[in-house]
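Thanks for letting me look this one over. My notes follow as numbered points, so have the coordinates open while you read.

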Amino acid sequence: MKNRIQNVTGISLSGDPSSWISIDGYSDGKYVEQMNIGGYHSYTGSSGKTVKLSGRAFRENIMDYELRSAAFDVSYDSASDTFTFTTYGYGHGVGMSQNGANNLASQWGYDYKQILEFYYTGAVVK
């Protein structure tokens with residue numbers, strides 16, 4: 001987690017990992033509106049623009065879509081040295097994510113059937 005955050009945001013983390021990530025506010029549907037990572041609420045993206053640390057930015061930029069939704073809670077367990085993200089729903093809450101589908105195709109080599117089955121759990125495309 002430390003390396004992911006530093007590589008994407010440039011934020012250096014040290015000390016107790018339980019203090020690295022906190023959620024400061026939610027919007028409707030438990031979507032993370034504002035996060036605090038290492039004392040920061042934003043970072044400078046690769047384009048030079050300021051990126052607000054929201055659930056969406058965390059999910060897309062830092063976690064590279066490995067979280068199913070920007071609606072989540074996070075906890076840290078010191079005994080196992082692991083972060084646990086509990087997500088609620090999928091994506092932004094309205095249909096299939098265009099960016100997520102594109103990422104599955106371009107980064108992971110998914111075809112259209114695999115993408116549809118990823119977003120619509122339990123469906124079988126024939």
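Which residues does L67 touch, not counting residues up to four places away in sequence?

1. L67 touches F58, R59, F72, F85 and T87 once residues up to four places away in sequence are set aside; contact means heavy atoms within 4.5 Å. You will find L67 in the loop between helix 2 and strand 5 (72-77). Helices (H or I, at least four residues) and strands (E, at least two) are DSSP runs, numbered from the N terminus. L67 counts as buried because its relative accessibility is 7%; buried means under 20% relative accessible area, exposed over 50%, and partly exposed in between (1.4 Å probe, protein chains only). From L67 to S54 the C-alpha distance is 13 Å, with the two positions 13 residues apart in sequence.

2. A word on the basis: this is a predicted model, in which local features need pLDDT of at least 70, side-chain atom pairs count only at pLDDT 80 or more, and totals for chains, interfaces and linings use all residues. Residues are numbered from 1 along each chain as its sequence is written, and side-chain values use heavy atoms, with hydrogens and water left out.

3. Now the overall layout. The protein has 4 helices and 6 strands, and along the sequence they run α-β-β-β-β-α-β-β-α-α. Its C-alpha atoms fill a box of roughly 50 × 35 × 30 Å along the principal axes. Of the 126 residues, 33% are buried. Taking contacts between residues at least 6 apart in sequence, 35% join residues at least 24 apart.

4. On to the surface and charges. The protein exposes about 7600 Å², and carbon and sulfur atoms supply 47% of that area (Shrake-Rupley method with a 1.4 Å probe; for residues, only the protein chains shown count as cover). There are 10 positive and 12 negative side chains, and the centres of the two sets lie 7 Å apart. Lys and Arg count as positive and Asp and Glu as negative, while His and the chain ends are not counted; each charge is placed at NZ of Lys, CZ of Arg, CG of Asp or CD of Glu.

5. Do look at the aromatic rings: the structure holds 7 aromatic pairs. Rings of Phe, Tyr and Trp (its six-membered ring) pair if their centres lie within 6.5 Å; planes under 30 degrees apart count as stacked, over 60 as edge-to-face and the rest as tilted. W20 and F83 are stacked, at 6.1 Å centre to centre with 25° between the planes. This pair links distant parts of the chain, 63 residues apart: W20 is in the loop between helix 1 (2-9) and strand 1 (21-26), and F83 is in strand 6 (residues 82-87). W20 is buried because its relative accessible area is 10%. F58 and F85 make a tilted pair, 5.5 Å centre to centre with 35° between the planes. F58 lies in helix 2 (residues 55-62) and F85 in strand 6, so the pair ties together parts that are 27 residues apart in sequence. Both F58 and F85 are buried. One aromatic cluster is formed by W20, Y76 and F83.

6. Two charges sit over rings, meaning that NZ of Lys or CZ of Arg is within 6 Å of the ring centre and within 35 degrees of the ring normal. K30 lies over the face of Y26, 4.2 Å from the ring centre, and R68 lies over the face of F118, at 5.3 Å.
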